[in-house]
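Visitor: Hi, I've just opened this one and could use a quick tour. Can you start with the vocabulary?

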Amino acid sequence: MKFSMTIPVQYDTCFSPFRASEWRQGLSKIREGGFQAAELCISDYGSLDIREIRRELENCGLGCSTISTGQAAGREQLSLTGDREKMELARARLSEHIRAAEILECGVTIGLLRGSGEAGSLQDALERLAEGLEPVVREAEEKGVVLFLEALNRYESALLNTGKEILDFFAGYYRGCRNLKVLWDSFHANIEEASLEKSIDSLGSSLGHVHLADSNRLRPGLGRIDFSAVKGSLERISYGGYVSFECLNGPDEKTVWDDLCRFRREWEKPA
Ligand code: LER
Ligand code: MN
């Protein structure tokens, strides 16, 4: 298991103690904190130089685990299940993410870009999601980029709330596609899964990426999730991907960062 840390490179996010305007310093801190990789929050490619980001990552000896893509859902209402215009825009943005991921040698998360799935029947919305994703999955496959589809809690989207629902979606629409994996987020799973351990166990090799936050979305240790059980399950399935912090900021950036670094050190101590 390797550790990654969420960092914005354009627009600040409530899920990272780092400021977008200081992303270079943020990357250095992430490396100093003993992390192996950064999870980059990217909304659009208007002013971004991905090759420069790649150079900065290399300079501080960090990998890139993932590009997280959800900011554009909030900022521009992009949605794979929205009206035709928003759907095409979401597809085009994901295509840009895939090209950036090729350069950064990382995966691409798909969380809120799926849309809330509230209008019409659930089955129709899933079909629209599969249709919206079709060219995206094909392009990712051609370019060897892995897409991580995230199970989100019901208050954020009606579509794909559990790991099992995502596996069923893959089997129904993308059987045999090897570049589709599940993104399991402990905060969402705590709301939707009957058992965190069983949900991880049943994902097995389909699990591709993990977000960590406690039940209240604060950093691990401040809520009710048993992270030693989560760690045990990840070890049981021989999970070799990244665990990436995605927790709310507060009370202040220094406390958050110190706590996350401490949690990482404790997690990595041999049992
Ligand atoms: C994104 O990874 C996520 O977990 C969403 O809940 C963001 O709000
Ligand atoms: Mn998440």
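Guide: Sure: helices (H or I, at least four residues) and strands (E, at least two) are DSSP runs, numbered from the N terminus. This is a predicted model, where local features need pLDDT of at least 70, side-chain atom pairs count only at pLDDT 80 or more, and totals for chains, interfaces and linings use all residues. Residues are numbered from 1 along each chain as written, chains are lettered from A and ligands numbered from 1 in written order, and side-chain values use heavy atoms, without hydrogens or water.

Visitor: Okay, pockets. What volume does the largest pocket have?

Guide: About 360 Å³. A pocket is an open set of points on a 1 Å grid where a 1.4 Å probe fits, with protein on both sides within 12 Å along at least five of seven lines; lining residues have an atom within 4 Å of a point.

Visitor: Which residues are closest to the centre of the largest pocket?

Guide: Phe15, Gly70, Gln71, Leu112 and Glu246, out of 22 residues that line the pocket. Helix H3, residues 71–76, gives the largest share of that lining, with three residues.

Visitor: And the second largest pocket, which helices each supply at least two residues of its lining?

Guide: Helix H1 (23–32) and helix H10 (253–268). H10 has the largest share there, four residues. The full lining is Pro17, Phe18, Arg19, Glu22, Gln25, Gly26, Lys29, Glu253, Lys254, Trp257 and Asp258, around a volume of about 190 Å³.

Visitor: Switching topic: is strand E1 enclosed or not, and why?

Guide: E1 covers residues 2–8, and six of its seven residues are buried (under 20% relative accessible area), so the strand is largely enclosed by the rest of the structure.

Visitor: Which strands does E1 run parallel to?

Guide: There's E8, residues 242–245, joined to E1 by four bridges, and E2, residues 37–41, joined to E1 by five. Two strands pair if DSSP finds at least two bridges between them.

Visitor: Which residue stands opposite Phe3, and which opposite Thr6?

Guide: Phe3 stands opposite Val243 in E8, while Thr6 faces Glu39 in E2. Between E1 and E2 the chain passes through H1, and that β-α-β crossover is right-handed, meaning clockwise from first strand over helix to second, with the strands pointing away from you.

Visitor: Last one: how much of residues 29–266 is helix and how much strand?

Guide: That span is 47% helix and 15% strand, and its end C-alpha atoms lie 18 Å apart.

Key: Points joined across faces, edges and corners; volume = space filled by probe spheres on them. Buried < 20%, exposed > 50% of the residue type's maximum accessible area, 1.4 Å probe, protein only.
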